[in-house]
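Thanks, everyone, for making time this morning. I would like to take you through one structure, beginning with how two of its helices pack and then moving on to its aromatic rings.

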Amino acid sequence: MEAADILSKGLTRARKQGFFTRLITLTIPSGGDYGDQRALLAGAYRRFSKKVSKEFGKQGAERFGMSWSFDITMKYGRAWNSHLHIHAVLVADQGSVTESDLFGWWNKAVTKEAGREVTLSRSAFYARAPHSEKSISAYIMSKFLRSAIEVQGSIQKDGKKLGGGFGWRQFLRYIKLTGDVGAGMLYKSILEANRNKWWSSVGKTIKELAEEEEEERDGEPELLDQEQEIEIPISPRDWLVLGKVANGISALLSVVQKRETNADRYSLVRDWIAKMRTSKWMTDDEIEQVWRFALGV
């Protein structure tokens with residue numbers, strides 16, 4: 001959560017200063033041994049970040065940095081496997097590159113690291129500019145902060161998303177409840193492959209920008225009483241609520257976005273929303289259960 005706070009402040013400062021900024025998701029083909037996946041993803045990312053740094057250096061960037069975090073989803077097909085990917089943040093005070101450039105460099109980095117030709121899906125690559133503090137907060141919340149929330153027992157990835165995958169805590173609960181040997185073996189391989197290795201990293205440049213943003217905020221005059229800012233400490237239970245709300249909204253948006261390809265599910269959600277608005281006979285618990293089923297949370 002501390003890292004997410006630094007990233008949010010640093011990105012906000014970068015945007016104010018006119019930096020080139022990108023929010024990036026990098027993926028590799030799913031399947032195979034988790035340790036091999038991790039090695040491929042980490043090695044490809046090193047190649048990719050060096051290439052991006054070199055390119056911005058050519059364009060005169062004096063302040064450049066990338067921050068990153070692994071994210072993992074467990075899936076079950078004929079056997080248990082994992083889907084590992086990286087969420088990254090890029091900032092540079094000079095220069096620019098296109099999304100196509102970034103995708104091409106990532107594809108080449110994966111191919112070189114794998115030692116064979118790898119053709120990645122364009123749809124599995126994401127690189128967008130944050131257009132506002134709201135979009136920055138949404139990205140940090142859904143990508144970088146998710147790991148912290150999952151560990152605290154709050155957010156769980158919807159089983160309908162990312163190919164029907166489990167989030168980390170949901171995966172552990174499944175193992176505990178079922179004793180599934182295949183899932184347990186994947187769990188052990190994940191622990192072993194990640195032993196003494198970094199799971200995420202916040203870059204020096206973004207840290208410096210975050211400090212500048214904090215100093216600027218500290219130097220701002222106090223607001224009038226009617227506009228006074230109030231800081232509210234957030235307890236673990238509050239994080240639980242925030243996580244469920246964020247997950248529910250994300251799932252609802254997914255239903256709406258897929259309304260043409262999954263019209264029955266969209267129609268079902270609309271009908272239930274209408275019923276909850278007009279009926280008086282449903283209890284709070286019944287309403288909650290309806291939403292849990294409709295949204296898959």
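Where helix α2 passes helix α7, the crossing is right-handed, and please keep in mind throughout that what you have in front of you is a predicted model. In general, two packed helices are described by the angle between their axes and by the distance between those axes. Here α2, which covers residues 34-58, and α7, which covers residues 181-194, pack at an angle of about 35°, and their axes are 8 Å apart.

If you look at which side chains and backbone positions are involved, α2 contributes Tyr34, Gly35 and Arg38 to the contact, while α7 contributes Leu186, Ser189, Ile190, Ala193 and Asn194. Sorted by class, the residues in this contact are 4 nonpolar, 3 polar and 1 charged.

Let me stay with α2 for a moment and turn to the rings. Tyr45 and Trp68 form a tilted aromatic pair, with 5.9 Å from centre to centre and 55° between the planes. Because Tyr45 lies in helix α2 and Trp68 in strand β2, residues 64-76, this pair ties together parts that are 23 residues apart in sequence. As for their surroundings, Tyr45 and Trp68 are both buried.

A second pair, also described as tilted, is made by Trp80 and Tyr174, at 5.3 Å centre to centre and with 55° between the planes. What does this pair tie together? Trp80 sits in strand β3, residues 80-92, and Tyr174 in helix α6, residues 168-178, so the parts that are joined are 94 residues apart in sequence. Are these two rings buried or exposed? Trp80 has 15% relative accessibility and therefore counts as buried, given that the cut-off for buried is under 20%. Tyr174, at 24% relative accessibility, counts as partly exposed.

Both of those residues also belong to a cluster, in which ring pairs link Tyr76, Trp80, Trp168, Phe171, Tyr174 and Tyr187. Over the protein, the count of aromatic pairs comes to 12.

To finish, let me step back to the whole chain. The protein has 11 helices and 5 strands, and of its 297 residues, 40% count as buried. The accessible surface comes to about 17,700 Å², and carbon and sulfur atoms account for 51% of that surface. Finally, if we take the contacts between residues at least 6 apart in sequence, 72% of them join residues that are at least 24 apart.

Note on methods: Residues are numbered from 1 along each chain as its sequence is written. This is a predicted model: local features need pLDDT of at least 70, side-chain atom pairs count only at pLDDT 80 or more; totals for chains, interfaces and linings use all residues. Side-chain values use heavy atoms; hydrogens and water are left out. Axes are lines fitted to C-alpha atoms, for helices over the stretch in contact, and angles run from 0 to 180 degrees between N-to-C directions. Helices (H or I, at least four residues) and strands (E, at least two) are DSSP runs, numbered from the N terminus. A crossing is left-handed if the near helix is turned anticlockwise from the far one by less than a right angle, and right-handed if clockwise. Contact means heavy atoms within 4.5 Å. Ala, Val, Leu, Ile, Met, Phe, Trp, Tyr, Cys and Pro count as nonpolar, Asp, Glu, Lys and Arg as charged, and the others, Gly among them, as polar. Buried means under 20% relative accessible area, exposed over 50%, partly exposed in between (1.4 Å probe, protein chains only). Accessible areas come from the Shrake-Rupley method with a 1.4 Å probe; for residues, only the protein chains shown count as cover. Rings of Phe, Tyr and Trp (its six-membered ring) pair if their centres lie within 6.5 Å; planes under 30 degrees apart count as stacked, over 60 as edge-to-face and the rest as tilted.
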